[in-house]
Amino acid sequence: MKQYLDLCQRIVNEGVWVENERTGKRCLTVINAGLTYDVANNQFPLITTRKSYWKAAIAEFLGYIRGYDNAADFRNLGTKTWDANANENQAWLNNPHRKGTDDMGRVYGVQGRSWRKPNGEHLDQLRKIVNNLSKGIDDRGEILTFYNPGEFDLGCLRPCMHTHTFSLLGDTLYLTSYQRSCDVPLGLNFNQIQVFTFLALMAQITGKKAGQAFHHIVNAHIYEDQLALMRDVQLKREPFPSPQLEINPDIKSLEDLETWVTMDDFKVTGYQCHEPIKYPFSV
C-alpha cells in the first residue's frame, strides 16, 4: 500500500504535463516506477484508501489466461473492463477488422495463447511456460508477451501491461512484469492485483513456492480530471493493514484455469477500506 501511495505522491509532486493524443486529455506523468509484491508471505497489494474491486481484476486476468477476445466473455466471468474499449473506442469502431459488438480483436490473451507465426501456425506461449516450470526448467526465456506490433491494427487497444517473465531459483518462482503505460488512479491497483495473483496461480499449478513479484512501469500518469480526487481525497486518507488472498487449493493445472475456475475460487480476508472514489475513465 505504501508503494502505491508513494508513487501517487511522486506524480503529484514531480509529474510533468503531457498531452495524450488518444484521449485528448493531459496527463501528469513520471517515467520509471517499480513496485515489489511479497507473494511468499501473501501480502496482497489491495488498495485500502478507496474501495477496490479485486474480483473484476482477477476475472480480467483469468480471461487473458483463457485467450478471450470478446467483451461478453469477460462479462460472464464478472468484469466489464473491456466493454468501453470494445464498443466505444471510435478508432476501433471504424476498423474494418472489427467483427461486431463486443469484439476486442487480437489483444492480450489472444497473443498469449495463440500467437500467429509467419507460416500460419499458432504458438501457445503460456502452455510452454507451464510445461517447463512444472518440470523445474527455467531456460531464461520463460516469457509471456502480449505485445505484437505486427498486429496492433487487429485489436482495439495496445497492451499496457505487456510482458511477464518467470524465473525459477531452486523451487521458488519469481515474476517480473513490464508495463508501458499506467493510469495510476484507476488501472494500477488492477495491475497490482493481477501481477500478484498471476505469480500465486502459476506457483500453485506448477508445484513451486511463490517468491516475489516485480512490477516495472515505464510511463505512470494521472489524468487531469483525476488529479483533484487523488491529491485532495485519496492521498489524505490513512491506509488500513494489507489483506490476504485465498485461492482454492483444488486449482492444480492450466486446464483447471481454462475450464471450471470462477471468482468463487478466490477470497480476500481482512480487507478494510475507505469509501469508493469515482475516478473518470478515459477511453
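**Buried and exposed sites in a predicted model**

D102 has a relative accessibility of 9%, so it counts as buried. The cut-off for burial is under 20% relative accessible area. The model is a predicted one. D102 sits in the loop that links α5 (90-93) to α6 (109-113). The backbone of D102 also stands out. Its phi is near 75°, a positive value in a residue other than glycine. Most residues other than glycine have a negative phi.

R140 offers a second case. R140 is not a glycine, yet its phi is positive, at about 65°. This residue also belongs to a loop, the one between α7 (125-134) and β5 (143-145). Is R140 buried or exposed? Its relative accessibility is 79%, so R140 counts as exposed. Thus D102 is buried, whereas R140 is exposed.

Two glycines with positive phi follow helices. G67 comes just after α2 and has a phi of about 75°. G207 comes just after α8, and its phi is also positive, at about 75°.

The chain as a whole gives the setting for these sites. The protein chain contains 10 helices and 10 strands. Its C-alpha atoms fill a box of roughly 50 × 50 × 35 Å along the principal axes. A compact globule of 283 residues would have a radius of gyration near 19 Å. The protein chain has 18 Å, which agrees with that value. Of the 283 residues, 52% count as buried.

Contacts reach across the sequence. Among contacts in the protein chain with a separation of 6 or more, 70% join residues 24 or more positions apart. The protein chain exposes about 12,900 Å². Carbon and sulfur atoms supply 49% of that area. Charged side chains number 31 positive and 33 negative. The centres of the two sets lie 1 Å apart.

Two helices were examined for length and burial. Helix α8 spans residues 187-206, 20 residues in total. From its first C-alpha to its last, α8 reaches 28 Å, close to the 28 Å expected at 1.5 Å a residue. How many of the 20 residues of α8 are buried? The count is 18, so α8 is largely enclosed by the rest of the structure.

Helix α2 covers residues 54-65 and has 12 residues. Its reach from first C-alpha to last is 17 Å, close to the expected 16 Å. In α2, 11 of the 12 residues are buried, so this helix is largely enclosed by the rest of the structure. The buried residues of α2 include W54, F61, L62 and Y64. E60 is also one of the buried residues in α2.

Several sites link parts of the chain that are separated in sequence. A84 lies in helix α4 (residues 83-87). With a relative accessible area of 12%, A84 is buried. A84 and D102 are 18 residues apart along the chain, and their C-alpha atoms are separated by 9.0 Å.

Q111 lies in helix α6. Its relative accessibility is 1%, so Q111 counts as buried. The C-alpha atoms of Q111 and D69 are separated by 9.9 Å, with their positions 42 residues apart along the chain counted as the separation. Which residues are in contact with Q111, leaving aside its neighbours within four places in sequence? They are R106, Q125, T145, F146, N148 and E151.

C156 is placed in the loop between β5 and β6 (161-169). C156 has a relative accessible area of 6% and is buried. C156 and M104 are 52 residues apart along the chain. Their C-alpha atoms are separated by 5.4 Å. Leaving aside neighbours within four places in sequence, C156 is in contact with W82, N85, A86, N89, W92, M104 and V107.

G150 lies in the loop between β5 and β6. At 60% relative accessibility, G150 counts as exposed. G150 and D139 are 11 residues apart along the chain, and their C-alpha atoms are separated by 26 Å. In the loop between β5 and β6, then, C156 is buried, while G150 is exposed.

Definitions and conventions:
Residues are numbered from 1 along each chain as its sequence is written. This is a predicted model: local features need pLDDT of at least 70, side-chain atom pairs count only at pLDDT 80 or more; totals for chains, interfaces and linings use all residues. Side-chain values use heavy atoms; hydrogens and water are left out. Helices (H or I, at least four residues) and strands (E, at least two) are DSSP runs, numbered from the N terminus. The expected span of a helix is 1.5 Å times one less than its number of residues. Buried means under 20% relative accessible area, exposed over 50%, partly exposed in between (1.4 Å probe, protein chains only). The radius of gyration is taken over C-alpha atoms; the globule rule is 2.2 Å times the number of residues to the power 0.38. Contact means heavy atoms within 4.5 Å. Accessible areas come from the Shrake-Rupley method with a 1.4 Å probe; for residues, only the protein chains shown count as cover. Lys and Arg count as positive and Asp and Glu as negative; His and the chain ends are not counted. The place of a charge is taken as NZ of Lys, CZ of Arg, CG of Asp or CD of Glu.
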